[in-house]
Structure formats: C-alpha cells, structure tokens
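Thanks for making the time this morning. I would like to walk you through one structure, taking the strands and then a pair of helices.

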Amino acid sequence: KEFDPYARLGFLTSADTNTIDMTNAIKTGTNQVFLDCYYGSLSREDMTYAQSKDVPVEIWTVNDSSVLANYAKWGVSGITTDRLNVRQILNASEGI
C-alpha cells in the first residue's frame, strides 16, 4: 500500500521547542501534521511557539475539568479524555 500524502500525521512526544520544530519539519505540504503530547508537558510558552510555527497541538489524557477548560482556552486542536462530557465542561467554563 502506498503512503497517503494527505494522511494526518501525529508526532507522539513531549512538548518543547525542539519537538515542535521536528513536527514542523515533517510537513509535506499536503498533509496535516500535529504534535500529540501529554498535557502536563505542554507549557503556555510552548503552545505559543507551536502556534507561531502553525503546528496544531493535541493533548492527552485530560480528565480534570478545570485543566481541560484551560487548555481549550489556549487553543489546543484536540483533547483526549476518558470523560464523555467535554462539551458540558467547556460550556460551563464559557458560562453557557
């Protein structure tokens, strides 16, 4: 089977400027590449750096509602959780 040039690629690692740069380097121009990291390894500074490099960041496994809402406000592109009430948590954090 051939590699799909449009396949989404996730780099599963910790978050820091080096791994953000490595993630950015594997973009092909046709696929979406994202950093997939444990939420505890992601600092606000690293998130800002990833955004400046146009590298989406997804985090795992966030089960604390206040932590989940905080990272959503930072602009992470995906959150893996063991909870099914993520929308309810985000709505509550936004006063909805």
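**Strands, crossovers and a helix pair**

Strand β3 and strand β4, which covers residues 78-79, pair in the parallel sense over 2 bridges, and I should say at once that this is a predicted model. Within that pairing, Ile59 stands opposite Ile79 in β4. Between the two strands we have helix α3, residues 65-74, and together β3, α3 and β4 make a β-α-β unit that is right-handed.

Let me now turn to the other partner of β3. Strand β2, residues 33-38, pairs with β3, residues 57-60, again in the parallel sense, here over 4 bridges, and Asp36 is the residue that stands opposite Glu58 in β3. To get from β2 to β3 the chain passes through α2, and this β-α-β crossover is right-handed.

That brings me to the helices. Two packed helices are described by the angle between their axes and the distance between the axes. For helix α1, residues 17-25, and helix α2, residues 44-52, the axes come within 10 Å and cross at roughly 20°; since angles under 35 degrees count as roughly parallel, α1 and α2 are therefore roughly parallel to each other. Their crossing is right-handed.

Which residues of α1 and α2 make the contact? On the α1 side they are Thr17, Ile20 and Asp21, and on the α2 side Asp46, Tyr49 and Ala50. Sorted by class, this contact of α1 with α2 has 3 nonpolar residues, 1 polar and 2 charged.

Key
Residues are numbered from 1 along each chain as its sequence is written. This is a predicted model: local features need pLDDT of at least 70, side-chain atom pairs count only at pLDDT 80 or more; totals for chains, interfaces and linings use all residues. Side-chain values use heavy atoms; hydrogens and water are left out. Axes are lines fitted to C-alpha atoms, for helices over the stretch in contact, and angles run from 0 to 180 degrees between N-to-C directions. Angles under 35 degrees count as roughly parallel, over 145 as roughly antiparallel, 65 to 115 as roughly perpendicular and the rest as oblique. A crossing is left-handed if the near helix is turned anticlockwise from the far one by less than a right angle, and right-handed if clockwise. Contact means heavy atoms within 4.5 Å. Ala, Val, Leu, Ile, Met, Phe, Trp, Tyr, Cys and Pro count as nonpolar, Asp, Glu, Lys and Arg as charged, and the others, Gly among them, as polar. Two strands pair if DSSP finds at least two bridges between them. A crossover is right-handed if, with the strands pointing away from the viewer, the path from the first strand over the helix to the second runs clockwise.
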